[in-house]
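Reader: I have a model open on my screen and would like to go through it with you, if you have a moment.
Author: Gladly, ask whatever you like and we can take it piece by piece.
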Amino acid sequence: MSEPLLDELPLLPPPPPRRESPLLARSPVFAFLVAAVCGWLLWELAPDAQYAFSSRTPIDLGGPGTYAFDRARDNRLVQVRGELADAVPVTVDRTGQARTVGRLAGTNLLVDRPGRGGPPVYEGRLVPSRSRADYAPVVSAIRSRGSALGDTWLVLRDGDRPGDRWLSVAGSALLLLLLAVNLRALAKGLFD
């Protein structure tokens, strides 16, 4: 018996080139634009996503005569007691929900609470400073009534608790995935 020579064996064709997934193939310009939009949306959702994971134990800011606003932290769950002065009824445009925004008597703390009344104990989110501009029309209305509301005011959104809304967390996760895909496509388009 003779062994076949290597020259006589048929050559196998090379494997086909690996095709790039159309999902991951992007124009660098398009990838940059999508990454920029994702980055901006992540920046906008960051406070809500952070609040979803914050402590569920409220920071006690005290009551009349014993307020401790030095303990107040933006975007955290806080609790405070006291009567509302200069309350303004408002309606949320998007949902039509009736709310009341009033100044905690003797302070620069605005309380945004659902409905039109309730006990003088408020527990909720201390709104981040960059979101306080949404309350400018209410502040103007309160000041027009003669209230001595200072220039540095805080807003407590009563009833807003950490972990109640997970849409911002899910949205942030999806945006992070889109950002990663487009940053990969941008890097590949620029460096290949």
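Reader: Let me start with one residue, then: in which helix is Phe30 found?
Author: Phe30 is found in helix H1, where helices are DSSP runs of H or I with at least four residues, strands are runs of E with at least two, and both are numbered from the N terminus. Please keep in mind that this is a predicted model, in which local features need pLDDT of at least 70 and side-chain atom pairs count only at pLDDT 80 or more, while totals for chains, interfaces and linings use all residues. Residues are numbered from 1 along each chain as its sequence is written, and side-chain values use heavy atoms, with hydrogens and water left out.

Reader: And is Phe30 buried, partly exposed or exposed?
Author: Phe30 has a relative accessible area of 45%, so it is partly exposed; buried means under 20%, exposed means over 50%, and partly exposed lies in between, using a 1.4 Å probe and protein chains only.

Reader: How far is Phe30 from Asn182 in space?
Author: Their C-alpha atoms are 8.4 Å apart, although the two residues are 152 positions apart in sequence.

Reader: What about the helices, how do H1 and H3 pack?
Author: Two packed helices are described by the angle between their axes and the distance between the axes. Helix H1 covers residues 28–52 and helix H3 covers residues 167–191, and they pack at an angle of about 155° with their axes 8 Å apart. The axes are lines fitted to C-alpha atoms over the stretch in contact, and the angles run from 0 to 180 degrees between N-to-C directions. H1 and H3 are therefore roughly antiparallel to each other, a label for angles over 145 degrees.

Reader: Which kinds of residues make up that contact?
Author: The contact of H1 with H3 divides into 20 nonpolar residues, six polar and one charged. Here Ala, Val, Leu, Ile, Met, Phe, Trp, Tyr, Cys and Pro count as nonpolar, Asp, Glu, Lys and Arg as charged, and the others, Gly among them, as polar.

Reader: Take Ser172, which residues does it touch?
Author: Ser172, which is found in helix H3, touches Leu42, Leu45 and Ala49 once residues up to four places away in sequence are set aside, a contact being heavy atoms within 4.5 Å. With a relative accessible area of 10%, Ser172 is buried.

Reader: Let me zoom out: how many helices and strands are there?
Author: The protein chain has three helices and seven strands, and from the N terminus on its elements run α-β-β-β-β-β-β-α-β-α. Of its 192 residues, 32% count as buried. Among contacts with a separation of 6 or more, 63% come from residues 24 or more positions apart.

Reader: Now the strands; where does Val111 lie, and how accessible is it?
Author: Val111 lies in strand S5, residues 109–114, and at 0% relative accessibility it counts as buried. Leaving aside neighbours within four places in sequence, Val111 is in contact with Leu84, Thr100, Val101, Gly102, Tyr122, Leu156 and Asp158. The C-alpha atoms of Val111 and Arg157 are separated by 6.1 Å, with their positions 46 residues apart along the chain.

Reader: I was curious about an arginine too: is Arg103 buried or exposed?
Author: Arg103 lies in strand S4, residues 98–104, and is buried, with a relative accessible area of 12%. Outside the residues up to four places away in sequence, Arg103 touches several others, including Glu83, Asp86, Ile142 and Leu149.

Reader: You mention Asp86; what is its phi?
Author: Phi of Asp86 is near 55°, a positive value in a residue other than glycine. Asp86 sits in strand S3, residues 84–91, and counts as partly exposed at 23% relative accessibility.

Reader: And where is Asn75 found?
Author: Asn75 is found in the loop between strand S1 (59–60) and strand S2 (77–81). Phi of Asn75 is near 65°, also a positive value in a residue other than glycine, and at 6% relative accessibility Asn75 counts as buried.

Note on methods. Parallel < 35°, antiparallel > 145°, perpendicular 65-115°, else oblique.
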